[in-house]
Amino acid sequence: MTRTSHLTIDLPDADATRALGRALADLLRAGDLVMLTGDLGAGKTTLTQGIGAGLDVRGQVASPTFVIARVHPPLGDGPALVHVDAYRLGSLDEVDALDLDASLDESVTVVEWGRGLVESIARDRLELTLSRPRGAAGATQDELAAILDDAESGTRRLTVEGFGERWAGLELPGAIDADDAAQDPAAPTDRHESVG
């Protein structure tokens, strides 16, 4: 599938991350697949909380690590949110056992840790990668505990890649086109614009 959009956004804290999730929810519709990648504590669930708030779904959006998938029904006329944590899934067979494609047409499906596992379930998709300078890659147990305790603060960089015609020309508040910025050395590399 061809990448049709490529954006980056700097999010100064968890509130901005949730606000971006709400803005993204305004663009999402039933049948959309959103894949989230990033280190532990980077903000994947925080962004999903914003999406859930924007979609106006029932229930607290929390990491579904132990249940693997959680369905949040809509409170109004919008689509349900299916929130999946694929961290403990190791194969396409395990993903197939979740039967995600059965609910895909009626829901917005957000999959954390889904890279390399769920791309085939939707023709068009968004791949969001969150990075955080104080992310958990290579962290000791004490450093990891501090990162998780401080999950509400710290700038995150969100890279948004849209695949398929559905996401051609995607625009989000505070975003810059990553491909244009890479080609223009005079373009700003940091954009600390609050979203919300």
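## Salt bridges and a buried strand

Met-35 stands opposite Glu-127 in E6. That makes a handy way into this predicted model, since Met-35 sits in strand E2 and has a partner on another strand too: Met-35 also stands opposite Val-111 in E5.

Let's stay with E2 for a moment. The strand pairs in the parallel sense with E5 (residues 107-112), over 4 bridges. With E6 (residues 125-131), E2 again pairs in the parallel sense, also over 4 bridges. How many of the residues in E2 are buried? The count is 5 of 5, so the strand is mostly covered, given that buried means under 20% relative accessible area. Leu-33, Met-35 and Thr-37 point one way from E2, while Val-34 and Leu-36 point the other way, and both sets are buried.

Now for the charged pairs. Side chains of opposite charge can pair when their charged atoms come close. There are 6 salt bridges in the structure, including these:

| Pair | Closest N to O distance |
|---|---|
| Asp-10 and Arg-157 | 2.6 Å |
| Arg-166 and Asp-32 | 2.7 Å |
| Arg-18 and Asp-15 | 3.4 Å |

Take the salt bridge between Asp-10 and Arg-157. This pair ties together distant parts of the chain, with Asp-10 in strand E1 (residues 3-13) and Arg-157 in strand E7 (residues 153-163), 147 residues apart. Is Asp-10 buried or exposed? Asp-10 counts as buried, because its relative accessibility is 5%. Arg-157, on the other hand, is partly exposed, with a relative accessible area of 27%.

Arg-166 and Asp-32 also meet through their side chains in a salt bridge. Here too the pair links distant parts of the chain, 134 residues apart: Arg-166 is in the loop between E7 and strand E8 (176-177), and Asp-32 is in the loop between H1 and strand E2 (33-37). Asp-32 counts as buried as well, at 5% relative accessibility. Beyond the tabulated pairs, salt bridges with shared partners join Arg-115, Arg-125 and Glu-127 into one network. Glu-127 is a residue we have already met, opposite Met-35.

The salt bridge of Arg-18 with Asp-15 is a local affair. Where do the two residues lie? Both are in helix H1 (residues 14-25), 3 residues apart, which is about one turn of the helix. Asp-15 is exposed, because its relative accessible area is 52% and the cut-off for exposed is over 50%.

Note on methods
Residues numbered from 1 in each chain as written. Predicted model: local features only at pLDDT ≥ 70, side-chain atom pairs only at ≥ 80, totals over all residues. Heavy atoms only, no water. Salt bridge = Lys/Arg side-chain N within 4 Å of Asp/Glu carboxyl O. Buried < 20%, exposed > 50% of the residue type's maximum accessible area, 1.4 Å probe, protein only. Pairing = 2+ DSSP bridges.
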